[in-house]
Amino acid sequence: MNTGVKITAFAAALAATFGTAYGVGAGVGPVGEPKKAEHGDHASPSKPGAGAGRGGHEEAAQAPSAGGLQVSEGGYTLAMETPKPGVGRSVLKFSIKDAAGRKVTAYTTEHGKELHFIVASRDLTVYRHLHPVRAADGTWSTPVDLPAAGGYKAFADFKPAAAGAKGVTLGVDLSVPGAYAPRPLPAAAPTATVDGYQVTLGGTLDPGRAGELKLTVAKGGKPVTDLEPYLGAYGHLVALRDGDLAYLHVHPNEGGPGPDVSFTATAPSAGTYRLFLDFQHGGKVRTAAFTVHAGPRHATAPAPAGPASTAPASAGSDAHDAGGHTHG
């Protein structure tokens, strides 16, 4: 992936029905110094201003298309191999199968990992960036801690090692049975606080046009200038679109160890997004979450496909539960 952003999209339905129960249904390599981000062959927008048409706007063709909307794409399938997870800690097992139904065992390492795996709740208040371990037969496994019943989406982002293979992002629905109470999306705010750190978001997320997002990390009112590498960079950003969970996997531009971490991002459409920034300091990875609007405030995401699902509530009194960096 170039110094810009890598964007793929996922789709999942969001619907809430209060006062009922969610039934059983459908459902690390060493990190070196940060370097220029590369992430397979996913579609990537250019740097801000690059490829712009008249008036400085990018041509519509530059906007990322929706990806990761399916459990199967490009001849590969994300196959879950364990029973549905329950509330609390459980283990997820899955595999990536090729067009012949064989488990894939060879991948291209990107950002220190052969495969990136993320689980998020439908209401975007729970976020888990997991690091599964692959067995020799191609089965991946990872522990996960989900705080409440409801609907979730799991995303696998990878590039097979097969000749000519491109980066693939697949998505699958997960459901956790039990009583549920979905939460509203947290309001947009320029600053997020996590574990004593204050992270400030600058810039805009624009539909169909590349722009810069700059996140500044501080602690106790002082800028943090010694951020530590995480997945080969000083920050890792994921954005999920409210309504259908379209997914933007964003990697940083080149830069130093803080306090600023810069990203180039293009929203696939107008809508409201939830941004999750992973950063490492003092040997621990933390996640700061933001709600942002791309395009007109009243704009909405495309109607989700498939059956409606319910959203889980986060545990505790926080507006979101963005933790959960699990290494298998």
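Reader: What makes the contact between the side chains of E114 and R134 a salt bridge?

Author: In this predicted model, the distance from N to O between the side chains of E114 and R134 is 2.9 Å. The cut-off for a salt bridge is 4 Å, between a side-chain nitrogen of Lys or Arg and a carboxyl oxygen of Asp or Glu. The value of 2.9 Å is within that limit, and therefore the pair is called a salt bridge.

Reader: Why can one say that E114 and R134 tie together parts of the chain?

Author: E114 belongs to the loop between β4 (88-97) and β5 (115-121), whereas R134 belongs to strand β7; the pair therefore joins parts that are 20 residues apart in sequence.

Reader: How do you know whether E114 and R134 are buried, partly exposed or exposed?

Author: The relative accessible area is 24% for E114 and 25% for R134. Buried would require a value under 20%, and exposed a value over 50%. Both values fall in between, so E114 and R134 are partly exposed.

Reader: What makes the contact between R122 and D173 a salt bridge, and which parts does the pair tie together?

Author: The closest N and O atoms of R122 and D173 are 2.5 Å apart, which is within the 4 Å limit. R122 is found in the loop between β5 and β6 (127-131) and D173 in strand β10 (residues 168-176), so the pair links parts that are 51 residues apart in sequence.

Reader: Why is R122 placed in one class of accessibility and D173 in another?

Author: R122 has 2% relative accessibility and counts as buried, because the limit for that class is under 20%. D173, at 28%, counts as partly exposed.

Reader: What is the evidence for a salt bridge between D173 and K153?

Author: For D173 and K153, the closest N and O atoms are 3.5 Å apart. This value is also within 4 Å, so the definition is met. D173 lies in strand β10 and K153 in strand β9 (residues 150-158), so this pair connects parts that are 20 residues apart in sequence. K153 has 4% relative accessibility and is therefore classed as buried.

Reader: How many salt bridges does the rule give, and which residues are linked in a network?

Author: The count comes to 10 salt bridges. E81, K103 and D137 are linked in a network of them.

Reader: What makes β2 and β7 the edge strands of their sheet?

Author: The sheet is open and consists of five strands in the order β2-β3-β4-β8-β7, with antiparallel pairing. An edge strand is recognised here by pairing on one side only, as β2 (72-73) and β7 (133-134) do.

Reader: How do you know that the strands β2, β3, β4 and β8 pair with their neighbours?

Author: Two strands are said to pair if at least two bridges lie between them. β2 and strand β3 (residues 76-80) have two bridges, β3 and β4 have four, and β4 and strand β8 (residues 139-146) have eight. Each count satisfies the requirement, so each of these is a pairing. T77 in β3 stands opposite S72, and T77 also stands opposite K97 in β4. Further along the sheet, R89 has D145 in β8 as its bridge partner.

Reader: Why is strand β18 described as mostly covered?

Author: Strand β18 (residues 260-265) has six residues, and five of them are buried, which means that their relative accessible area is under 20%. β18 runs antiparallel to strand β14 (residues 211-219), and six bridges join the two. Within this pairing, L213 stands opposite F263 in β18.

Reader: What kinds of residues line the largest cavity, and how much space lies in it?

Author: About 30 Å³ of space lies in the largest cavity. The lining residues are L205, L213, L237, A239, L248, V250, A265 and L275. Ala, Val and Leu count as nonpolar, so the lining divides into eight nonpolar, no polar and no charged residues. The elements that give two or more residues to this lining are β16 (236-241) and β17 (247-250).

Technical notes:
Residues numbered from 1 in each chain as written. Predicted model: local features only at pLDDT ≥ 70, side-chain atom pairs only at ≥ 80, totals over all residues. Heavy atoms only, no water. Buried < 20%, exposed > 50% of the residue type's maximum accessible area, 1.4 Å probe, protein only. 1 Å grid on protein atoms, 1.4 Å probe; cavity = no way out; pocket = protein on both sides within 12 Å on 5 of 7 lines; lining within 4 Å. Points joined across faces, edges and corners; volume = space filled by probe spheres on them.
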